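Biologist: Could you walk me through this model before I set anything up with it? I would like the overall picture and then the odd spots.

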Amino acid sequence: MSFSSDVKAEVGNVLPAEKHCRIAELSALLKYYAKAGKSAAGGIRVPFDNETACRKCFTLLSKTFNIETDIFGKNADDSDNSALLTAENCDIKSIFSKCFPGDTEKLFRGDCCKRAYLRGIFLACGFVADPNKQYHLEFLVPDEETAKRVVRLFGDFGIEFKESVRKRSKVVYVKGSEAISDALNVLGAHRAMMDFVGARILKDVRNDINRRNNCDTANIMKAVNAASKQTEDILYIRQTVGLENLPATLREIATVRLEHPESSLTELGSFLDPPVGKSGVNHRLRKLSEYAEGLRLKG
Ligand SMILES: [Zn+2]
C-alpha cells in the first residue's frame, strides 16, 4: 500500500459522532460524485474505482439517515464502472437537500464540520506523497468553487494551500513538511501523521548527521519513539472507551498530545491550563499508557 492509500484507509475509518459533521462529509463525497448523482433505480451511484470513498458513502448514508442500504456491488451490466448504493424506503431527495443546502456555508456548524468536509474531499480526490520521497499533498478538485473552499477551510486551520491547473483540472496543493503534518492532523489521520513526522525527522537527522553527535541523534529518536507510543496509546483509548471517559487531567494531556505530536514534554506542559511542569506531564502520560495497557489486557 502507498502512503496515500494508508492515509485514505485511516481517514475512511473515522466516523464523526455528530450528525452535522456526517452530513458535511457526505456533501463533500457526493459533490465530487455529482455525475453519479441519483439513479433511476432509487439509489445513489458512486464510482467503484475508489473503494474507500465508496465504502465511506455507504457507511455515512446508512448511519446518518438510519436507512437500510443494500450491499454495494458493481452491476454486471454496468459499463460506467460505478457501484449502486440502493437505499430502500428512503427519500433520496431529502438526503440530497440536506447535503446541498443551497448555501454550502450552512454545512459548517464549527471546526468539526470543516474537518469532516475536508476528509470527504480527501477521500474523493486527495493524494499525499510518500514522505521518504517528497513533501506534497494535493486535491484534484472538480471545480473552481471547491478549490476556493478547500483553500479557505485549510486557511481557517492556519494552513496555506496554493492553487494551480493541471491539464485543465484544478489542483489545490501544499508542499511544506510542517503544513502537511498539520493537514493530516486536520483530516484526523493521526497515525499517518506520526509516521509522517517520524519519516521527516529521520530524514532531517540523516541530512544533518555530520553536524550532530550520536548522542543528540539517539535522544531525538528516543523522544520520537516515546511520542509515537503515547499517540498509539491515546488512539487506542479513544477507540475503545473514548477520551471523554477519562479523568479531566488525563483527557486534557491526551488531547494536547494528539494536537502536538512533535512537542517536547516541557512544551506540552505549557499548553495546559494551568501549565504543568515536565515531570507532571511525564506522570500523566505514563498513567495514560498504563491505562491503555490495562485495556489491551482486558480487550
Ligand atoms: Zn460538526
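Modeller: What follows goes from the overall make-up to the sheet, one helix, the cores and some unusual backbone angles.

Modeller: This is a predicted model, in which local features need pLDDT of at least 70 and side-chain atom pairs count only at pLDDT 80 or more, whereas totals for chains, interfaces and linings use all residues. Residues are numbered from 1 along each chain as its sequence is written.

Biologist: Fine. How many helices and strands are in the protein?

Modeller: The protein has twelve helices and six strands; these are DSSP runs numbered from the N terminus, with H or I over at least four residues for a helix and E over at least two for a strand.

Biologist: And what percentage of the residues is buried?

Modeller: Buried residues make up 35% of the 299 residues, where buried stands for 20 or more other C-beta atoms within 10 Å of the residue's own, exposed for 12 or fewer and partly exposed for anything in between, with C-beta atoms placed from the backbone. Of the contacts between residues at least 6 apart in sequence, 64% join residues at least 24 apart, a contact being two C-beta atoms, placed from the backbone, within 7 Å.

Biologist: Now the sheet. What is the strand order?

Modeller: The open sheet of four strands runs 3-4-6-5 with antiparallel pairing, and two strands count as paired if DSSP finds at least two bridges between them. Strand 3 (126-128) and strand 5 are at the edges with a single partner strand each, so one side of each has no neighbour in the sheet. On average, and with direction ignored, neighbouring strands are turned by 25° against each other; axes here are lines fitted to C-alpha atoms, for helices over the stretch in contact, and angles between N-to-C directions run from 0 to 180 degrees.

Biologist: What packs on that sheet?

Modeller: Helix 6 does, touching strand 4, strand 5 and strand 6, and its direction makes about 10° with that of strand 6.

Biologist: Which residues of strand 6 are on its covered face?

Modeller: In strand 6 (residues 169-174), K170, V172 and V174 form the covered face, while S169, V171 and Y173 form the uncovered one. Strand 6 pairs over five bridges with strand 4 (residues 137-141), where L140 is opposite V171. Five bridges also join strand 6 to strand 5 (residues 162-166) in the antiparallel sense, with R166 opposite S169 and E163 opposite V172.

Biologist: How many residues of strand 5 are buried?

Modeller: The count is zero among its five residues, and strand 5 is hardly covered.

Biologist: Changing topic, is helix 2 enclosed or open?

Modeller: It is largely enclosed by the rest of the structure, because twelve of its 14 residues are buried, including C21, I23, L26 and L29. The cover over the buried residues includes helix 3 (51-64), helix 4 (92-99), helix 5 (111-125) and helix 6 (144-156).

Biologist: What span should helix 2 have?

Modeller: At 1.5 Å a residue, helix 2 (residues 19-32) should span 20 Å, and its end C-alpha atoms are 20 Å apart, which agrees; the expected span is 1.5 Å times one less than the number of residues.

Biologist: Which residues have the most contacts inside the largest nonpolar core?

Modeller: They are L29, Y117, L118, I121, V150, A183 and L184, in a core of 51 residues, where a nonpolar core is a set of buried Ala, Val, Leu, Ile, Met, Phe, Trp, Tyr and Cys residues joined through C-beta atoms within 7 Å. Helix 5 gives the largest share, nine residues. Domain 1 (3-128 + 137-174) and domain 2 (190-298) both contribute, so this core lies between them; the domain bounds come from an automatic or database assignment.

Biologist: What does A183 touch?

Modeller: Leaving aside neighbours within four places in sequence, A183 is in contact with L137, F154, I159 and V174. Apart from that core lies another one, of 13 residues, among them A254, V276, V281 and L288.

Biologist: And the backbone: which peptide bond is cis?

Modeller: The bond from D273 to P274 is cis, with omega near 0°, and P274 is in the loop between helix 11 (265-271) and helix 12 (278-298).

Biologist: What about the phi of K167?

Modeller: K167 is not a glycine, yet its phi is positive at about 45°. It belongs to the hairpin of strand 5 and strand 6, which has two residues between the strands, and K167 is exposed, with 6 other C-beta atoms within 10 Å. R168 is in the loop between strand 5 and strand 6 and has a positive phi near 70°; with 5 C-beta neighbours inside 10 Å, R168 counts as exposed. For background, most residues other than glycine have a negative phi, and most peptide bonds are trans.
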